[in-house]
Amino acid sequence: MAKARIAVIGAGLMGHGIAQVFALAGHDVAIYDSVMANLDTVRTRILTNFKDLGDDQSAVERVQPTANLAAAVRDADYVVEAVLEDLALKQKLFVEIERHVRPETILASNTSVIPITRIMEGLCDRSRALGTHWWNPPYLVPLVEVIGTQWTSSKTTDWTIALHKAAGKMPVHVKKDVPGFVGNRLQHALWREAIALVEHGICDAETVDTVIKASFGRRLAVLGPLENADLVGTDLTLAIHQTVLADIEHRPGPSPYLEALVANGKLGFKSGEGFRTWSADAQAALRGKVLQHLKKARASDA
Ligand SMILES: NC(=O)c1ccc[n+]([C@@H]2O[C@H](COP(=O)([O-])OP(=O)(O)OC[C@H]3O[C@@H](n4cnc5c(N)ncnc54)[C@H](O)[C@@H]3O)[C@@H](O)[C@H]2O)c1
């Protein structure tokens, strides 16, 4: 992939990490944010990550923060938006961005769950727009879901997939713009049952997490569910489904147990209690463990 001019809109948690990945891949990256403090710190944050990961620190020179949206996107080949998860804000930004870019510039949103179709509906040329759903932290988790809408051209999708592949990511093509795309649908199908097991007194929250981490969680990084189904046999998979599916949680709405936690201010790490209680030390230990695990996985991928 030839050197491209990338514009990242939003210099927060995801935006700075996305900028970091593209800069390390050799691209020139302009990064825009409406909050000056976030622009002022963006290069330092990226440099700290480069140092921690042992990556080429000089790549930070390719990241140019700017407080001017038009200047950030004017020459860009590719614009990726990572501002707050707010439909009206994203819609407004893309309409504004389209006024300043070249006709062939590709426009992407890193929304977690908002339909890409809604975000891009106000554009004049919707064939150049799509979703790219990264996972946190962007420089450690390989997957990027590339989500097309009914309007997205195959040229737009193909170029975006090639861009991410060349930057060392693992892009996958999501052919329909459905809520949660692929990753969050799968993750929340598991979370729904995990919460239901606790709600119905089958086991406590710690046990749910232990069961997953000490059993199929061990294999998940190398054995996906459909590979696993083939491995054990689709006939066995069908037999298991015939026994358990009717019993697995299938309410269409959120769990009342989860709603009660939220109503009672049990918000997890941020309040010190959610499904379990969390001291500051326990929170730091878990965050550290996840980071170490992801860094080790990245090193072993390399
Ligand atoms: N955090 C995650 O794990 C994760 C994962 C995948 C996708 N996402 C999505 O990525 C997007 C960004 O999430 P985040 O976690 O980086 O949030 P964040 O709060 O860390 O960053 C958002 C940034 O947007 C900036 N911003 C707000 N209004 C703006 C405007 N009008 N113009 C320009 N910049 C503006 C803020 O100043 C901030 O720097 C969201 O859509 C989120 O749903 C997040």
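Guide: A polar contact is a pair of N or O atoms within 3.5 Å, and that cut-off is applied here to a predicted model.

Visitor: What makes the approach of Leu13 to the ligand a polar contact?

Guide: A backbone N or O atom of Leu13 lies 2.9 Å from an oxygen atom of the ligand, and because the cut-off is 3.5 Å, this pair counts as a polar contact.

Visitor: How do you know that Val83 and Ser112 also make polar contacts with the ligand?

Guide: For Val83, a polar backbone atom is 3.2 Å from an oxygen atom of the ligand, while for Ser112 a polar side-chain atom lies 2.6 Å from a ligand oxygen; both pairs are within 3.5 Å and therefore qualify. Of the 830 Å² that the ligand exposes when taken alone, the protein buries 78%.

Visitor: What makes up the shell around the ligand?

Guide: The shell has 10 nonpolar, 8 polar and 3 charged residues, and the closest of the 21 residues surrounding the ligand are Met14, Asp33, Glu85, Lys90 and Ser112. At least two residues of this shell come from each of α1, α5 (87–100) and β6 (129–134).

Visitor: How do you describe the packing of α1 and α3?

Guide: Helix α1 (residues 13–24) and helix α3 (residues 42–53) pack at an angle of about 60°, their axes being 10 Å apart, and the crossing is right-handed. On the α1 side the contact is made by His16, Ala19, Gln20 and Leu24, and on the α3 side by Val42, Arg45, Ile46, Asn49, Phe50 and Leu53.

Visitor: Which classes of residue form this contact of α1 with α3?

Guide: The contact has 6 nonpolar, 3 polar and 1 charged residues.

How values were computed:
Residues are numbered from 1 along each chain as its sequence is written. This is a predicted model: local features need pLDDT of at least 70, side-chain atom pairs count only at pLDDT 80 or more; totals for chains, interfaces and linings use all residues. Side-chain values use heavy atoms; hydrogens and water are left out. Axes are lines fitted to C-alpha atoms, for helices over the stretch in contact, and angles run from 0 to 180 degrees between N-to-C directions. Helices (H or I, at least four residues) and strands (E, at least two) are DSSP runs, numbered from the N terminus. A crossing is left-handed if the near helix is turned anticlockwise from the far one by less than a right angle, and right-handed if clockwise. Contact means heavy atoms within 4.5 Å. Ala, Val, Leu, Ile, Met, Phe, Trp, Tyr, Cys and Pro count as nonpolar, Asp, Glu, Lys and Arg as charged, and the others, Gly among them, as polar. A residue is near a molecule or strand if one of its heavy atoms lies within 4 Å of it. A polar contact is a pair of N or O atoms within 3.5 Å; within protein, one must be able to donate a hydrogen and the other to accept it, and residues adjacent in sequence count only if both atoms are side-chain atoms. Accessible areas come from the Shrake-Rupley method with a 1.4 Å probe; for residues, only the protein chains shown count as cover.
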